Each structure stands twice: as C-alpha cells, then as structure tokens.
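Dear colleague,

I am handing over the structure we spoke about, with the sequence alongside. Please have a look at it first, and then read on for what was found in it.

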Amino acid sequence: MKINTCLLLLVLCLYYNGYAQQKTITISSPDKQINAHIFIIKGKLLYNAAVNNTMLIAPSRLGLTVDGIDLGVETKFAGATSNKKIKETYTINGAHKTARNEANEIIIPLLTAEKKFNLIVRAYNDGIAVRYTLPYDTKKINADSTSWEFAGKVTQVAWSGYNEGYEGLSHVTPLPSVPQNTPIMGPLTFNVNGIFASVSEADCEDFSDMSFIRHDNSFKANFPFSPNGWDVQSDSDTEHSVLKGFYENQKVSPWRTIIIAQNLTELVNSDLLTNLCPAPQKGNDFSWVMPGRCLWQWWSVGAPRFAEQRNWYDAAAKLKWEYYLVDDGWRNWSEPGKDQWQLLGDVIAYGKSIGVKSIVWVDSKEMRSAAARYSYLKRIKDLGAAGIKIDFIPPATSSIMQWYMGTMQDCADLKLMLNFHGSVKPTGLTRTYPMDITREAVRGNEYHMTRYKRTAPLDHDVSVPFTRFTAGTADFTPVILNPEQLTSQKFTWAHEFAQSIVYLSPITHFADEYKFYLESPMFDLFQKIPTTWDETKVLSCTRMGEIVAYARKKGNTWWVGVMNGADAREIKVPLNFLQHSTKGTLIYDGADTNASIHREERLLSPKDTITMKLSPGGGFAAMLQ
C-alpha cells in the first residue's frame, strides 16, 4: 500500500474518531526515505513508520512499565522536543571496514501519572530505534510494551526457538507458522512486500535480555529471563567503572531497533546496532585487537590432553593460523612437580615460540564476583594468553548483563581478547569494546556431532544468517571435514568451507581435527581465508531459508561462499562484482561423495557467470584474485 504519509496520518485520526491528541511528531532519516511518526490515540503512545511513502509499521504501542505504571498509557506530550544530528565514522571488524553513523535524533518529553520521562527516537537511512529515559527514582522495571506491527504483507519471518543460550534452531517460515503467545528469540527478520526488516535491541547494559511474543501480525518485547521484572540497582550496587545504562546523564532502557533494508546486501551490511552504542572511552587504545583463525580440540576429540598440545600448536603454525584455543579439560592436567596452571603456562609459552597466540577456556562460575573475575583474568593474562573464552553463563537477567559489562571492562583494561560462550546475543557493544571479538549465542556446529548424536537440519545453515547473525558476529565454529561427521546429514565439503565465508566471526574457531585441514585439497585456501572483510555482497540467488550466497572482498581478493539448503537446485552466480579479469580457484561439490571436491583453476572476467547444480546440503566456494 502506497500513500502520502501526511494523508495517512489524517486518515488515522479520522479512523479513531478524533481521539488522537492533535500533536504528531515526525522524524525522518537523513535521506528522507524513512519517516517515523509518534502520536497519542485514546491516551496510548503509538508510532508508525513508512519507507518511500509505503507504510511498513502500522500504529504500534510504545511504553515501558515501571513501578506498576505503563508509561505508554494515559500519556501526554509534556514540553518542547529537542533535536540533534549525528554524523561520524569509525572502524570495525566485520562485513566491511568503516561504519558510518549518520542519523537524526529527537527527544520527546512525556508525562504519565505524574511521572516525567523522555522518548528518544533515532532515524537512520537503514532503520529506526527508540529508547526510554526512566522517571526519577524508578525502583522497578516490570515490562516493555514496545511493539512492531507490520502494515504490509509479511511473506517470510526468520526466527529462532526459545533457548536461554540462543542455541535454538533458526527457521524461515510464513507468518502463521511463527509460534504465538510464547517467547521466541531475536533478532527477527521479516520480508514485507520485498522490504527486509530486522528487529532487535542495542546497547543493553543493565536491562534483562529482550525476546519477542507474537500476537497475530504484531510482535511485542518480552523479558523471558525476568518475567516478574527486576529492581533498578543504585549506582553503589555495581562497579564504579562499568557502564550502567545511562545516556546524556539519564538512566535509560536499551534501544528497541528495526533495521530496514531494500535488499539483503543492505541488511547484512547494516551497522545500526553498533551505531547506537557508545564509542570507546576517550584515551582507550584497541590497536592491539587482532582478528585471526583459531584451531581448537574439544569439538573433534574432546578434552585437550597436555601431551598432545604441541602437535596442535604446530598444526596451527602450518596452517598459518594466529590462535589456538586451550579448551575445557586443561584444569585436569597434572605432571610430576607441576599443577595445571604451570602446565598451561608451558603450552602458552610454546605457542608464543612458534608464533601462535593462545586463548584459554574458563567456566563462568569461577569468576562471578567482580574480585574473583579480575583476579582470574589477570592470572590468565600474566601467563601470556591473548584471550579468554568464558562459558556456561547464567540466563541474561539485569544483574548478569551487568556482569557482562564488568567482564568487558576488565578484558579491555587487561588487553585480553574475549569470547563469551553459552551466552546472550550481542547488542552492538563491540563498538564500545572491540576486544569483545566474537561470542556464541548461536546453534553452531556443536549441534552436529556424532558423540552427542546430534544432527543439524539442512535448513538451519541457510536461516541463521538472517536471525542470530543480524545481531553481530557469532562463533559458529565452522567447517567440518571429517567424513564420519558428515554421514548422518550429507553436508558437502564445499558447503562446509563456505561456512567460513558466510558466517562472520573476527576470530574464527574452525571445528575439526587439524589432520583434516592439513590433508585437505583446500589446504592452501585454509592458509589464506580471512576472518574480516572490506566489502560484502549478498548474491542474487540468495533466498532466506533456502540458499545463501555471499561474495566478500579482502584487499584485492574476492571470496565466494554458497550454502544450499534442503532442496536440490541449479543456480547461476554472475561475477559482475569483479572489476577486471582475475584468476579463480573454484571449489565444487565432488562427484563421488559429499566428502570430496572438484577443484578448478581458470581465468574469469566480470562478464562471466558460474552455473552449478547443488544437491541438498551442497555448496560452492571460490577465491578470485
């Protein structure tokens, strides 16, 4: 439905029989293509949004319930608005090198039941975000009424099932197939009349994590880990240096966000969530943060054995990978005259001697208090480790979210790379703390393992780029090559290698045992594959939940990754993103078995198109340089 936005507002006012408060506040994106309107009807605080004069969000609720009062009911405008423009750039480790933060912001004073608060709204060229200031002396957060009701026809929804660690399956389904009246995990991505809209949150520092509840065509914010709300902590309750949810010196909620994209390339390249987060504190230097490839042992063979560690470090060096992860099990090491800490120091020192940095696993229960956490992290740092992987984190209540913030601050102070596992989704704070380099919060290859009798469904791989990955980088632990692991579900080697191109993780932990990489016909590609990118394009054959095809550029080299879902198909990949003729290394599915490839080297031009037939779970990869 296309309609002039001014006329639309008039129609809405007539429709509600004049109950709307006369004042309507409009905010537009810098390019004027996205317009949001905030208004009050029958005392309810509402908003809508249009893209190119096409309605995307129908009138939807706004409001936060504090101390038992819904701030979005019986609400009045309470003063003059203030406006500002935001325009800045910063570097990122992601789908491209530079993020552009350009937006218009408006602060709207409001009054409900004698409680004064502000609604803060930002409009970007790629989306909209809202947040609330808390009324003075707020003691408890009860609920969030923020909703997203779509005006157009929703043809697809990408969503994930409820799971405390965000390890539920990802799905792409018609709207009626999305569960109702029960929490589902975000981000959610909608195809609405060909517009892609991804809904999530940003800058969550001390609120409980937000999921969603569907009611027909509307999706409402929900706090699954704090169903009865939580008490607002006083400043003295938490560490002084830790971010505690303030904006412009006022206590605030996280941003409630919607990325709006005309195509999947725009969606995948959106920096909306990081743009909404604070810049690093002035004087902080994160030049020491180094992306790279990482080998690890637990997925393929279980707990790391001390006697085998040099072999794993040597393999990482042969692969030219930057990191090795000493995963769960090192705590049980012992040798005559040495405890596990001394042995850990020995393997870290050996890694350094051959140019491989170490990341060390820990269970979060060993570092729940601020003092224990800092002491543990410093001990790891003093042993010479480059990073920490923290696992088994409790559900993301407001106090646990503050624990996350304290951990990020400690790792920034100690110059430790950070990887949260068994964790909550990211909310853009990698901008504030770039050493928070990746985290799990995803159903990755840990859910395709014979020893746990786990088999990944074919459609998950081609759905998760549009659920969890729209929140930020994810430690999926890609690329299974062991043929025994690929018998229960016949993902192909080309499909598996393509995971390392499609799934963004600035430190990428490759899942399998090193011998499968060293002996692979793709060994030279493993030595070269980047983990961060200068440019990313989603290729035209991509269909959410069916097939995913990305082209990513690093320096002068393009990498193409294609992963097929559950149905066999033939696709064409035009190479019109190339600027000139280039040498291509092409990796097709093997003819005889899924655990093989057909490799081809040939000269390619921007006018060429690669045609391929893909079996269920099949794939394709290419290096074009």
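In which strand is Pro187 found? Pro187 lies in strand S16, which covers residues 183-192. Please keep in mind throughout that this is a predicted model. The peptide bond that leads from Gly186 into Pro187 is cis in this model, with an omega near -5 degrees, and you may wish to look at that place in the backbone yourself.

Two further places concern the backbone as well. Lys32, although not a glycine, has a positive phi of about 70 degrees, and this residue sits in the loop that runs between strand S1 (25-28) and strand S2 (34-41). Asp203 is likewise not a glycine and has a positive phi, of about 60 degrees; its place is in the loop between strand S17 (195-202) and strand S18 (211-215). Are these two residues buried or exposed? Lys32 is exposed, with a relative accessible area of 58%, whereas Asp203, at 4% relative accessibility, counts as buried.

Turning to the strands, there is an open sheet of four, in the order S6-S5-S12-S20, and the pairing in it is antiparallel. Strand S6 (69-70) and strand S20 (230-231) are at the edges and have a single partner strand each, so one side of each is left without a neighbour in the sheet. Within this sheet, strand S5 (residues 64-66) and strand S12 (residues 140-144) pair in the antiparallel sense over three bridges, and Val66 stands opposite Ile141 in S12.

As for the interior, the largest nonpolar core has 147 residues, and those with the most contacts inside it are Leu56, Phe150, Ile258, Met435 and Phe526. Helix H8 (residues 398-414) contributes the largest share of this core, namely nine residues. Apart from this core lies another one, of 32 residues, which includes Ala158, Ala202, Val252 and Phe476.

Which residues is Phe526 in contact with, once its neighbours within four places in sequence are left aside? Phe526 is then in contact with Arg293, Leu319, Trp321, Val479, Leu481, Phe497, Phe510, Tyr517 and Ser520, and I would suggest displaying these together when you open the file.

With best wishes

Technical notes. Residues are numbered from 1 along each chain as its sequence is written. This is a predicted model: local features need pLDDT of at least 70, side-chain atom pairs count only at pLDDT 80 or more; totals for chains, interfaces and linings use all residues. Side-chain values use heavy atoms; hydrogens and water are left out. Two strands pair if DSSP finds at least two bridges between them. Helices (H or I, at least four residues) and strands (E, at least two) are DSSP runs, numbered from the N terminus. A nonpolar core is a set of buried Ala, Val, Leu, Ile, Met, Phe, Trp, Tyr and Cys residues joined through side-chain atoms within 4.5 Å. Buried means under 20% relative accessible area, exposed over 50%, partly exposed in between (1.4 Å probe, protein chains only). Contact means heavy atoms within 4.5 Å.
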